[in-house]
Amino acid sequence: MIYLDHAATSPVRREAIEAMWPYLTGEFGNPSSVHGIGDRAAHALADARASVAEVLGVRPGDVVFTSGGTEADNLAVKGLALGTPRGRHVVVSPIEHEAVLESADALARLHGFAVSEAVVDGFGRVAPDALAAALRPDTALVSLHYANNEVGTVQPIADLARLAHEAGALVHTDAVQAAGWLPLGLDSLGVDALSLSGHKVGAPKGMGVLAVRGRLPLEPVLHGGGQERGRRSGTENVAGAVALATALRLAEEERAGLVERIAALRDGFVRRILAGLPDARLTGDPVDRLPNLASFTLAGVSGESVLLELERRGVIASSGSACAAGRDEPSHVLTAMGVDAPLAQTAVRFAFGRTANAEELAAAASAMLDAVAAVGGIVTK
């Protein structure tokens, strides 16, 4: 099997499993307990928090462990918007993950917020003037993807954050897809909060992080015992935190040597697909994009049919966001970029992992041409 759906999830790293194993077995204590086994769990949690903080360039107290990227996005959007007295207006883009879009919608439905969208261009980019047009004097929060999960476009977050801050708004970025591929420091990005998900970098599913400046008021989404400095109640997942910290640290250590190699492989893969499929179009920004992601529309064929044919040939890819799996609607990301609905439903996304190599990507490209031919598409080899 050639697995090219790492944007949906990645396999758990052995190092992460080994690091978390003691806290699934003998060291099972509750970190809020005052006895010895609880104290050891608390120390492990503190070490994991410090490790994540180092990668993100924040204080350990700025790190909030969550159940995943979706909860981290919910806590950021709802928590920061409700926590600031500035106003009841938030800005998102139309290509955000559903966790951000639905959180903004909840603010509108339940709390009387107004929501504006900063439009994107045909590559999925938010231009500074588009953001400026969406900002208002009462804007409390701007939430924009760092890197899009469907087409891979990387936003100029630092420039957009500067513009938002000049207008007095806070800035959150969903960096779930960026982890392991792009720099994550909050200072360099200029953001106030950043969301991550562990299973995108080799930790188990069910663990995430919101890094948020500790000075900022943050209304909790989960109430209870006051864990995570009162920002996210619930007994902490110590084993998950240790695994996430381990996987994130390794991903950051490997990033510099990995990006150039994977980007070169991606470019070769894209060339093969576009040369062999005259009706294929690469989606997303052709330059400012994730090094490990290539997504195409395939005029005249069904994207889902192509995916089934690919799987028959041992290649695993996807049609877009795994969080929207099972829906018949076209991708909201592609339609926001100006792709018409029928063409958007032909999309196929490939997302490579850190172990990708030229041999398997050449085989995957060949399988793609065969798959399109099998469903009646035009192929030139």
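The following exercises, with worked solutions, concern a predicted model.

**Exercise 1. Aromatic pairs**

Task: Determine how many aromatic pairs the structure holds, and which class the pair of Phe 269 and Phe 350 belongs to.

Solution.
Step 1. A pair of aromatic rings is described by the distance of the centres and the angle of the planes.
Step 2. Two rings pair if their centres lie within 6.5 Å; by this rule the count comes to four aromatic pairs.
Step 3. The ring centres of Phe 269 and Phe 350 are 4.9 Å apart and the planes stand at 65°. Planes over 60 degrees apart count as edge-to-face, so the pair of Phe 269 and Phe 350 is edge-to-face.
Step 4. Phe 269 belongs to helix H8 (residues 238–276) and Phe 350 to strand S12 (residues 348–351), so this pair ties together parts that are 81 residues apart in sequence.
Step 5. Phe 269 and Phe 350 are both buried.

**Exercise 2. A second partner for Phe 350**

Task: Classify the pair of Phe 296 and Phe 350, and state which elements it ties together.

Solution.
Step 1. For Phe 296 and Phe 350 the centres are 6.3 Å apart and the planes are at 70°, so this pair is edge-to-face.
Step 2. Phe 296 lies in strand S10 (residues 293–298), while Phe 350 lies in strand S12; the pair therefore ties together parts that are 54 residues apart in sequence.
Step 3. Buried means under 20% relative accessible area. Phe 296 has a value of 0% and is therefore buried; Phe 350, with 0%, is buried as well.
Step 4. Ring pairs join Phe 269, Phe 296, Phe 350 and Phe 352 into a cluster.

**Exercise 3. The course of helix H8**

Task: Compare the end-to-end distance of H8 with that of a straight helix, and state where H8 bends.

Solution.
Step 1. H8 has 39 residues, and a straight helix would reach 57 Å at 1.5 Å a residue.
Step 2. The end C-alpha atoms of H8 are only 49 Å apart, which is short of that span.
Step 3. At Arg 255, H8 bends by about 60°.
Step 4. Helix H8 also contains Leu 258, which has 11% relative accessibility and therefore counts as buried.

**Exercise 4. Two crossing helices**

Task: Describe how H9 and H12 are oriented to each other, and give the handedness of their crossing.

Solution.
Step 1. The axes of helix H9 (residues 303–312) and helix H12 (residues 358–374) come within 8 Å and cross at roughly 125°.
Step 2. Angles of 65 to 115 degrees count as roughly perpendicular and those over 145 as roughly antiparallel; H9 and H12 are therefore oblique to each other.
Step 3. The crossing of H9 and H12 is right-handed.

Methods
Residues are numbered from 1 along each chain as its sequence is written. This is a predicted model: local features need pLDDT of at least 70, side-chain atom pairs count only at pLDDT 80 or more; totals for chains, interfaces and linings use all residues. Side-chain values use heavy atoms; hydrogens and water are left out. Rings of Phe, Tyr and Trp (its six-membered ring) pair if their centres lie within 6.5 Å; planes under 30 degrees apart count as stacked, over 60 as edge-to-face and the rest as tilted. Helices (H or I, at least four residues) and strands (E, at least two) are DSSP runs, numbered from the N terminus. Buried means under 20% relative accessible area, exposed over 50%, partly exposed in between (1.4 Å probe, protein chains only). The expected span of a helix is 1.5 Å times one less than its number of residues. The bend at a residue is the angle between axes fitted to the seven residues ending there and the seven starting there. Axes are lines fitted to C-alpha atoms, for helices over the stretch in contact, and angles run from 0 to 180 degrees between N-to-C directions. Angles under 35 degrees count as roughly parallel, over 145 as roughly antiparallel, 65 to 115 as roughly perpendicular and the rest as oblique. A crossing is left-handed if the near helix is turned anticlockwise from the far one by less than a right angle, and right-handed if clockwise.
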